[in-house]
Amino acid sequence: MDSSRSLCCILLLVLFGISVQYQCSASGIDANETALLLVNASEASARKMPDTLFGIFFEEINHAGAGGLWAELISNRGFESGDHNFPSSIEPWSIIGDESSVIVSTELSSCFDRNKVALRVQVLCDSKGAKLCPDGGVGVYNPGFWGMNIEQGKRYKLVFYVRSQESINLSVGLTGSNGLKKLATVVVVAANVSNWTKVEVLLEAEGTDPNSRLELRSATKGVIWFDQVSLMPMDTYKGHGFRKDLFGMLKALKPAFIRFPGGCFVEGGWLRNAFRWKETIGPWEERPGHLGDVWNYWTDDGLGHFEFLQLAEDLDALPIWVFNNGISHNDQVDTFHVLPLVQEILDGLEFARGGSDSKWGSIRAAMGHPEPFDLRYVAIGNEDCDKTQYRGNYLKFYSAIKEAYPDIKIISNCDASAKALDHPADLYDFHIYDNASTVFSLANHFDDAPRNGPKAFISEYAVHGNDAGKGSLLAALAEAGFLIGVEKNSDAVEMASYAPLFANNNDWMWKADAIVFTSSQAYGTPSYWMQHLFKESNGATLLSSTLQANSSDSLIASAITWRNEIDDNEYLRIKVVNFGSSTVALKISISGLEQNSLQSFGATKTTLTSTNVMDENSFEDPKKVSPVETLVKQVSENMDVVLSPYSFTSFDLLRKSISIRTTTTASGLESSF
């Protein structure tokens, strides 16, 4: 051991001894454990982290898009819902009236070639004569996705297609869940609708009900056909169709990227039900929709390839397109026959990146986006590495994409964190779902991962199972510890995203999730709020840090410097997860700072904890487990702090001051939505 290393070790021991001595004599601190965190803030030991380090992953699961982020209020708007066994289920549409007054059935008589099912409504009663219709008429209603959230004063655009051999006199309106409370009503009268006719109606709500429904009624005897019924709020984000509150919660995370549209949703249980991008573009009326047979519900694909790219742009996030490579959960395309699918993906790339004068770029331009989207990443398949056709298919896609778009980064499904890939790739996909202890321990998984070659894309991580509940503090702390490990290994990891992102409270297929919602409410789970403390890490500078503790297996810490876009100040952020049941007295010792660069004011402490490690948020108490930010009154290069049991604590110390920052709470964060 040389003299300089010996001196360094002696200094560490002295500092640790001072820490222990201080804790023994300090008043007002009842700490079961002690620890020392050494932070080297010098430029020589610092390393810039990727601009893309933390983002989000959207999958159509738990009705995340249909009935969630995608603001369409009608469920099964084209009456196509079902599968190969039940191709014309009209659920959740229901009949208004009884079989003596109205008969409802489906026919393959639509004017849209790719979705031929239409609804036939035979009205047997009339407004006069022997067989009188009940008050208000008969017909059908749609409750949306477990109720429509209709709000007083807001406007909703109703579009539907109608056909009848006789003139029509329809009452279209929004009512409460039992049909009694009238929120908005418009009468549609037309004399010549023998051919399919498009009707557009603007409904303005005169009341509020989160469990509303749309009604189509008639009191005139005859047969009426309906198809492609859509009801959209007029106040979606930028008019792009995204529900504002849910979009705002994503925007607040400042994601560097968004991976879409899955997940297992991309693969399908069978290839016939895989996500095919060409079926999801163009006018919404002409999209056939498909059964997401892995999660077992129908989607009309209003949220399609174009909308996902638009979503990424609106979030100021890089799109990462995951496409099907000819493999589902139960069947595969042989590599010899995969070239038509390869061409389909090349067409999809041209749709996103081609000029407005190109074949597929012109279709994008016609949809309202003449400029290309900034698509730089694609993933060939999802969790398919162990499938027999994967490598052969992968190489066909890889070669074709690299030839046409050499700058696009391609992501393999095969894990290269411990074993080198046997095929070329720019990144490799890594998924982890496990109990809390395992996820926390995986903070060190990438310590020995290769620094040369493809980087890791941790596209799905989360605590799963009993530890997760519906979103527990314990899960969030384990995930925070894992992400601190990602930061420290960000020379081997380029991206990471939590999964799943959304869950409709009426349709939990996977627990836990980042955001839980109903038609009218939403809250973030502790895992959602945990991610807020990493959103400044994209492109930040990682500092060298060393943690010494007598129970180091339950503590993990990192240190970064970042610039606040709001006040343009530079901060030193220290994040520490205490995954243990003991209070910890932590001494923070910072070296390598420029003289007088650490300000004595403007410092904050943010803590994520609760009285019970299994505490969850809920609609009744949405902020039960959320970040609490306070001012730090005493700031120096040697600080003594206390870490609560089972807590995630972040310290922001002001370095170069331009303006004074005010404290923020979870409520403050949400107010920016």
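Over the ring of which residue does the charged end of Arg163 sit? In this predicted model, the partner is Trp225, with the charged end of Arg163 placed 4.0 Å from the ring centre. A second contact of this kind involves Arg259: its charged end sits over the ring of Phe57, at 4.3 Å from the centre.

Rings also meet rings here. Searching the whole structure turns up 33 aromatic pairs. Take Phe58 and Phe502: their ring centres are 6.3 Å apart and the planes make an angle of 65 degrees, which is over 60, so this pair counts as edge-to-face. Phe58 sits in the loop that runs between strand S3 (54-57) and strand S4 (94-96), while Phe502 belongs to strand S24 (residues 502-504), so the pair ties together parts of the chain that are 444 residues apart in sequence. As for exposure, Phe58 and Phe502 are both buried.

Tyr433 and Trp510 make another edge-to-face pair, with 5.1 Å from centre to centre and 65 degrees between the planes. This one, too, links distant parts of the chain, 77 residues apart: Tyr433 comes from strand S21 (residues 427-434), and Trp510 from the loop between S24 and strand S25 (515-517). Tyr433 has a relative accessible area of 22%, so it falls in the partly exposed class, whereas Phe58 and Phe502 are buried.

Back to the phenylalanines: Phe58 and Phe502 also belong to a wider cluster. Ring pairs join them there with Phe260, Phe265, Phe275, Phe308 and Phe517.

Note on methods
Residues are numbered from 1 along each chain as its sequence is written. This is a predicted model: local features need pLDDT of at least 70, side-chain atom pairs count only at pLDDT 80 or more; totals for chains, interfaces and linings use all residues. Side-chain values use heavy atoms; hydrogens and water are left out. Rings of Phe, Tyr and Trp (its six-membered ring) pair if their centres lie within 6.5 Å; planes under 30 degrees apart count as stacked, over 60 as edge-to-face and the rest as tilted. Helices (H or I, at least four residues) and strands (E, at least two) are DSSP runs, numbered from the N terminus. Buried means under 20% relative accessible area, exposed over 50%, partly exposed in between (1.4 Å probe, protein chains only). A charge sits over a ring if NZ of Lys or CZ of Arg is within 6 Å of the ring centre and within 35 degrees of the ring normal.
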